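Reader: I've got a model open and I'm not sure how to read it. Could you walk me through it, one feature at a time?

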Amino acid sequence: MKTYLVTGGAGFIGSNFVLYLLRTHDDIRIINVDKLTYAGNLENLSSIEHDERHIFSQTDICDKPAIEALFAQYKPDYVVNFAAESHVDRSIATPEIFAHTNVMGTVTMLNAAKAAWIEPDGSFGDHKYLQVSTDEVYGSLSIDEPDSFFRETTPINPHSPYSASKAASDMFVKAYGDTYGMPINITRCSNNYGPFQFPEKLIPLMINNALQHEHLPIYGDGKNIRDWLYVEDHCKAIDMVLSNGTIGEVYNVGGHNERPNNFIVKTIIAEVSKAVNDPAINQTLITYVTDRKGHDRRYGIAPDKIKRDLGWYPETKFEDGIIKTIDWYLAHEEWMKHVTSGAYLKYYDTMYRNR
Ligand code: NAD
Ligand code: TYD
């Protein structure tokens, strides 16, 4: 039996990953370590409440003694580090928390894993540490050069405090591989969408606002491009890298599904309006607002390496994934109400309504 220590497993991608692992593997145990910030929600895991293979611990990845105690108690074979502050707009408002959680949290996890795993001869056995990173560490591509893509060899060139903190943590993970011989992988994925995504990110925010007949704030001219991947395809990629990725390697994950924000918002308007049969959900809700500071123009991944070396490919087409996602949000109004109460609304007012 393999034991996975998954951090951030109550957040968007982390909870999807925990559910994916339990669905696709029998003989495993998952130690889910999450601080439960505004972005973490145990409701995401309600379907596995009684699954004894899943153990939840409300712990901060920066809390060294608590993390060391979890390693001592559960002796994990693998670490998958999702836990992070993840929203670019928040990083522009408060960069320090991004440096703290994303960089110091990663170093704390690396140190605890190294101490728990290293043998007297300096070897690490069959353990592996996987850092879940982002294509945003590569910076931005031009919308006028649609044939240029991020590759694993693209120089790191982050722009936002969020991507800077992710790039810094990637460098620490690489350093633990290079210096101590720790078995590591880094995955760098493009923008995810799907169930359980907190409605501060583009797709769930637009679905939620459309349903409330609230304005749909598009930053700048709306021509910025993101490369969208259905979350389950990302989960599958992480699982494959964990089992078969070559030690020390970086793998980019993306599905060549680049869409301008204007297209995404207009698609959501059309599909939500149709799903709830409400003609008041239409393009008059769109409001062009002040652009995000340092707004990256385009992200686009060339996933050639993970396809060639591990046989990964994205299974969900955007046209299907967006309908599945909208249907999920329509069926989970309670979830939406719960996560949009309290701290989120206060933040939402400052960030969007007062623009
Ligand atoms: P999220 O914000 O939905 O979830 C983050 C989770 O981490 C939450 O459950 C939160 O409670 C937890 N967390 C935050 N600080 C913590 C701390 N100090 N200790 C323990 N837990 C803590 O984020 P997400 O979108 O699910 O992203 C997960 C990871 O994937 C992040 O590392 C992010 O950089 C990366 N990533 C995200 C995307 C995307 O499109 N969302 C794309 C590529 C990579
Ligand atoms: P987001 O979901 O925050 O992801 P990221 O910044 O990590 O790519 O934003 C996706 C794109 O949508 C990005 O170009 C910013 C834009 N955006 C808006 O135009 N309006 C919004 O309200 C939000 C949240 C994002």
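Reader: What share of the 355 residues in the protein is buried?

Author: A residue counts as buried when its relative accessible area is under 20%. Keep in mind that this is a predicted model. Here, buried residues make up 56% of the 355.

Reader: And what about the outer surface, how much does the protein expose?

Author: About 14,900 Å², with carbon and sulfur atoms supplying 51% of that.

Reader: What radius of gyration does the protein have, and what would a compact globule with 355 residues have?

Author: The idea is to set the model's value beside the one expected for a globule. A compact globule of 355 residues would come out near 20 Å, and the protein has 20 Å, so the two agree. If you'd like to picture the extent, the C-alpha trace spans about 65 × 45 × 40 Å along its principal axes.

Reader: Which building blocks should I look for, and how many helices and strands are there?

Author: You'll find 12 helices and 13 strands in the protein. To see how the chain is tied together, take contacts between residues at least 6 apart in sequence: 82% of these join residues at least 24 apart.

Reader: Let's zoom in on one residue. Is Ser91 buried or exposed?

Author: Relative accessibility is the number to check. Ser91 has 0%, so this residue counts as buried. Ser91 belongs to helix H3, which covers residues 88-93.

Reader: What does the side chain of Ser91 reach?

Author: The backbone oxygen of Val88, at 2.8 Å. Leaving aside residues up to four places away in sequence, Ser91 also touches Phe98, Ser160, Pro161 and Tyr162.

Reader: Now the ligands. Which residues come nearest to ligand 1?

Author: Start with the shell, meaning the residues around the molecule. For ligand 1 there are 28, and Ile13, Asp34, Ser86, Tyr162 and Lys166 come nearest. By class, that shell has 12 nonpolar, 12 polar and 4 charged residues.

Reader: Which atoms of ligand 1 lie 2.9 Å from a backbone N or O atom?

Author: An oxygen atom of ligand 1 lies at that distance from a backbone N or O atom of Gly11, and a nitrogen atom of ligand 1 does so from one of Ile61. Side chains join in too: a polar side-chain atom of Lys166 lies 2.6 Å from an oxygen atom of the ligand. On its own, ligand 1 has 830 Å² of accessible area, and the protein covers 97% of it.

Reader: Which helices and strands each supply at least two residues of that shell around ligand 1?

Author: Helix H1 (12-24), strand S5 (128-134) and helix H5 (161-180) do. S5 gives the most, with 3 residues.

Reader: How many residues surround ligand 2?

Author: You can read this site in the usual order, shell and then contacts. There are 19 residues around ligand 2, and the closest are Glu136, Pro217, Arg226, Arg292 and His295. The shell holds 9 nonpolar, 5 polar and 5 charged residues.

Reader: Where do polar side-chain atoms lie relative to an oxygen atom of ligand 2?

Author: For Arg292 the distance is 2.5 Å, for His295 it is 2.7 Å, and for Asn191 it is 2.9 Å. Taken alone, ligand 2 exposes 520 Å², of which the protein buries 97%. Helix H6 (202-211) and strand S8 (216-219) are the elements that give two or more residues to this shell.

How values were computed. Residues numbered from 1 in each chain as written. Chains lettered and ligands numbered in written order. Predicted model: local features only at pLDDT ≥ 70, side-chain atom pairs only at ≥ 80, totals over all residues. Heavy atoms only, no water. Near = heavy atom within 4 Å. Polar contact = N/O pair within 3.5 Å; in protein donor to acceptor, adjacent residues only side chain to side chain. Areas by Shrake-Rupley, 256 points an atom, 1.4 Å probe, with all protein chains shown as cover. Helix = DSSP H or I, 4+ residues; strand = E, 2+ residues; numbered from the N terminus. Nonpolar A, V, L, I, M, F, W, Y, C, P; charged D, E, K, R; others polar. Rg over C-alpha atoms; globule rule 2.2 N^0.38 Å. Buried < 20%, exposed > 50% of the residue type's maximum accessible area, 1.4 Å probe, protein only. Contact = heavy atoms within 4.5 Å.
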